[in-house]
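Open the model in your viewer and keep the sequence panel at hand. The stops below go from the whole chain to single residues.

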Amino acid sequence: MKIIEMLAPLGYSCRPGISRTGFKGITIHNTSNNNKGANAIAHANLLRGSWKNVTTSWNYVVDQDRAVRCVPENEVAWCQGDGRGDGNMKTISIEICDNSDGDIKKATDNAVELSAEILKRYGVTNASSYLFQHNHWTGKDCPYDIRRGNPYDWDTFVSKVQEKLNGSGSSSTTPADQVLKVGSKVKFNGVFKVNEIILPNSKYPNGAIGCYDTCYGSPCGINDYIPSGPLAKCNSDGSSANYNAILNVGDYWKCDNTFTVIGVELPTTYLKNGVAILEADGVQFRCDCGPLYEVANN
């Protein structure tokens with residue numbers, strides 16, 4: 001299964017940029033959009049277009065061919081219908097496409113695979129305690145198809161996810177060079193160049209830098225800036241590290257701090273290493289997993 005990223009625009013009603021307050025599991029939905037062509041990409045484009053000012057969204061939408069990430073896993077998606085309750089604030093949402101010209105069996109199987117991959121990263125071994133129907137939060141008749149046994153019922157869905165967690169069944173998710181999990185301890189591996197800067201402000205009391213090597217290309221996304229507090233200015237070979245120096249565009253930097261992974265986003269066609277959510281100076285930021293290396297938990 002391919003996973004691609006087509007993020008909804010940050011700051012609009014569909015994606016206000018609110019951080020999840022915890023992790024209770026995954027909420028499963030059906031789109032209940034039977035129109036021809038209403039596949040995962042069409043739903044991603046909906047959030048980027050006519051629905052960007054609507055308080056409705058989802059973290060992932062899945063069809064027979066792919067999964068599309070529309071809201072980062074560490075952010076709230078307005079999908080569970082319980083306002084600021086645990087459904088919206090503490091679960092990751094997956095919408096399963098049921099368009100009339102799609103294959104509902106393959107789409108649901110892809111949702112099984114995606115659910116298992118997410119739960120593995122959070123160290124979950126018992127799927128039934130971490131999988132929820134939309135119905136659980138609000139009583140809505142959703143996931144509509146699964147609740148009617150199309151292509152199979154809820155108990156079968158959960159058991160298929162459990163099989164994946166147990167290691168049985170095949171997986172075709174895009175491979176990464178390493179697999180980080182929530183709670184992993186990581187360090188930056190190497191010396192990097194400053195490509196953009198943000199001057200000190202209320203969000204970044206020590207300022208922040210944008211680095212194309214750590215944010216999977218350019219320009220930097222709004223959540224890809226690294227707070228400058230733990231960073232050292234250095235030479236291109238890493239020598240003469242100065243943690244009190246002010247970083248400017250074109251400077252080189254390194255960091256000896258150890259960070260705890262707060263969240264991990266699965267590898268996609270475009271983000272082949274996956275994305276880690278880290279925190280510095282009280283601010284969370286996204287980082288390509290490629291420049292990170294895992295250190296032993298002490």
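Buried here means under 20% relative accessible area, exposed means over 50%, and partly exposed is in between, with a 1.4 Å probe and protein chains only. The model is predicted: local features need pLDDT of at least 70, side-chain atom pairs count only at pLDDT 80 or more, and totals for chains, interfaces and linings use all residues. Residues are numbered from 1 along each chain as its sequence is written, and side-chain values use heavy atoms, with hydrogens and water left out.

**Whole protein**

Start with a cartoon of everything. The protein has five helices and 18 strands; these are DSSP runs numbered from the N terminus, helices being H or I of at least four residues and strands E of at least two. The C-alpha trace spans about 65 × 40 × 30 Å along its principal axes. The radius of gyration is 20 Å, which agrees with the value near 19 Å for a compact globule of 298 residues; it is taken over C-alpha atoms, and the globule rule is 2.2 Å times the number of residues to the power 0.38.

Colour by accessibility next. Of the 298 residues, 51% count as buried. Of contacts between residues at least 6 apart in sequence, 67% join residues at least 24 apart, a contact being heavy atoms within 4.5 Å.

**Strand β5 and its partners**

Select residues 91-96, strand β5. Six of its six residues are buried, so the strand is largely enclosed by the rest of the structure. In a regular strand the side chains alternate between the two faces of the sheet. Show side chains: Thr91, Ser93 and Glu95 lie on one side of β5 and Ile92, Ile94 and Ile96 on the other, all of them buried.

Add residues 25-30, strand β2. This strand pairs with β5 in the parallel sense over six bridges; two strands pair if DSSP finds at least two bridges between them. Gly25 has Thr91 of β5 as its bridge partner. Then add residues 60-62, strand β3, which runs parallel to β5 and is joined to it by three bridges. Here Val62 is matched with Ile96 of β5.

**A three-stranded sheet**

Move to the open sheet with strand order β14-β7-β18, where pairing is antiparallel. The edges are β14 (259-260) and β18 (292-295); each has a single partner strand, so one side of each is left without a neighbour in the sheet. Select β7 (residues 185-188) together with β18: four bridges pair them in the antiparallel sense. In β18, Tyr293 is the bridge partner of Lys187.

**Backbone exceptions**

Most residues other than glycine have a negative phi, and most peptide bonds are trans. Which peptide bonds here are cis, and what is omega in each? One joins Cys142 and Pro143, with omega about 5°; the other stop is the bond from Asn150 to Pro151, with omega near 0°. Pro143 is in the loop between α4 (134-138) and α5 (154-165), and Pro151 is found in the loop between α4 and α5.

Now select Ser32, in the loop between β2 and α1 (40-48). Its phi is positive, about 55°, although Ser32 is not a glycine. With 44% relative accessibility, Ser32 counts as partly exposed.

Finish at Ser240, in the loop between β12 (232-234) and β13 (252-254). Phi of Ser240 is positive too, near 55°. Is Ser240 buried or exposed? Ser240 is exposed, its relative accessible area being 59%.
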